[in-house]
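Here are my comments on the model you sent. They are set out as numbered points and can be read alongside the coordinates.

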Amino acid sequence: YNKLAVVSPYFEVINRHLYWKVIARFKKMGQHSASEACEFDFTEVLNFLKEHGVKKGSLLVVHSSYDALRGCGLSPDEIIDRLLDMVGPEGTLAMPAMRKYKEEPEGEDRLRVPLEEVVCAYNTRTTPIKTGMLPFALTRRKGSCVSRFPIDTMVAIGPLAGEMMKHELEGNHLAPHGVQSSWKFCLDYKAIVVGLGVELTHHNSILHVAEESFEWPWNEDEWYRK
């Protein structure tokens, strides 16, 4: 699989399209089933993170699902408080705050509609967030910095937050995970990336820095739709 994916981006794109089409079908089948989050102590999560390198001063990138975290009995703001306490005032907490645009085509229409004809309005504070309650709560925090780049946006709070978002709209090659992006910044500063209630196999946007910030054997026209 890896050899084929490197040789041709088309193989990767087709494979991902088929995968997410199947996943969407399974989600639709199970949308009426009720499930309760297991009860647990969030302190155990914090202890696990500390044992695996998170400390005062860390740059921590958190992907999350609050549905999976409800069992700890904490609100989104309380979870954020505990994460901030773990990294301390010298640390920075960041989260993906990806947006939902009502103008954006969905499903298979994304492959048919000429995207240059789609115009979306982005407001850093009011455009809906589709990556969960935690990043939504973080964007509402005083002192948080929100990405101005409209695709795969981030929100962060802490000493590195402002610098993380500072150069996103600069340069000739604007890309959500490009050399000027907040995601590339997190890579350069050796961020620790964790998934709380989500699998990092499918929720790890920093991986795309490799595709958009470094040279690969295919050109831009083969890989991107503008």
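1. To begin with a single residue: does K190 count as buried or exposed? This is a predicted model, and in it K190 counts as exposed, because its relative accessibility is 71% and the cut-off for exposed is over 50%. K190 sits in the loop between α9 (182-188) and β5. Its phi is near 55°, a positive value in a residue other than glycine.

2. A second residue belongs beside K190 on backbone grounds. D152 is not a glycine either, yet has a positive phi of about 50°. D152 lies in the loop that joins β3 (145-146) to β4. Most residues other than glycine have a negative phi. Both sites may be looked up in the displayed model: D152 between β3 and β4, K190 between α9 and β5.

3. Next, the overall make-up of the chain. There are 11 helices and five strands. The chain has 226 residues, of which 37% are buried. Taking the contacts in the chain with a separation of 6 or more, 66% are between residues 24 or more positions apart.

4. Which residues touch the most other members of the largest nonpolar core? They are F42, L60, I79, L83, L93 and M95, out of 29 residues in that core. Two or more residues each come from α3 (42-51), β1 (59-64), α4 (66-69), α5 (76-87), β2 (92-96), α7 (133-139), β4 (154-157) and β5 (192-196). The element that gives the most is α5, with six residues. Another core, of 15 residues, lies apart from this one, and V61, A94, M98 and A161 are among its members. As background, nonpolar side chains in soluble globular proteins tend to be buried together.

5. I79 deserves its own entry. Once neighbours within four places in sequence are left aside, I79 is in contact with F42, Y66, L69, C72, L74 and L134. F42 is also one of the α3 residues in the contact with α5, and I79 is one of the α5 residues there.

6. How do α3 and α5 pack? Their axes are 11 Å apart and make an angle of about 30°. This makes α3 roughly parallel to α5, because angles under 35 degrees count as roughly parallel. The crossing of the two helices is right-handed. On the α3 side the contact is made by F42, L46, L49 and K50, and on the α5 side by I79, R82, L83 and M86. Sorted by class, the contact has six nonpolar residues, two charged residues and no polar ones.

7. Two loop residues are buried. T127, in the loop between α6 (109-112) and α7, is buried because its relative accessible area is 9%, and the cut-off is under 20%. Outside its neighbours within four places in sequence, T127 is in contact with R99, K100, Y101, A121 and Y122. The C-alpha atoms of T127 and P150 are separated by 9.8 Å, with their positions 23 residues apart along the chain. S205 lies in the loop between β5 and α10 (209-213) and is buried, also with a relative accessible area of 9%. Its contacts, with neighbours within four places in sequence left aside, are H63, M98, D152, H177 and W183. The D152 in this list is the residue with the positive phi of about 50°.

8. K100 can be read together with T127. K100 is found in the loop between β2 and α6, and is partly exposed with a relative accessible area of 37%. Leaving aside neighbours within four places in sequence, K100 is in contact with E106, T127, P128 and K130. The C-alpha atoms of K100 and T131 are 9.2 Å apart, and the two residues are 31 residues apart along the chain.

9. A last residue lies in a helix. E163 belongs to α8 (residues 161-165). E163 counts as partly exposed, at 36% relative accessibility. From C-alpha to C-alpha, E163 and F185 are 8.6 Å apart, while in sequence they are 22 residues apart.

Methods: Residues numbered from 1 in each chain as written. Predicted model: local features only at pLDDT ≥ 70, side-chain atom pairs only at ≥ 80, totals over all residues. Heavy atoms only, no water. Core = buried A, V, L, I, M, F, W, Y, C linked by side-chain atoms within 4.5 Å. Buried < 20%, exposed > 50% of the residue type's maximum accessible area, 1.4 Å probe, protein only. Helix = DSSP H or I, 4+ residues; strand = E, 2+ residues; numbered from the N terminus. Contact = heavy atoms within 4.5 Å. Axes fitted to C-alpha atoms, helices over the stretch in contact; angles between N-to-C directions. Parallel < 35°, antiparallel > 145°, perpendicular 65-115°, else oblique. Left-handed = near helix turned anticlockwise from the far one by under 90°. Nonpolar A, V, L, I, M, F, W, Y, C, P; charged D, E, K, R; others polar.
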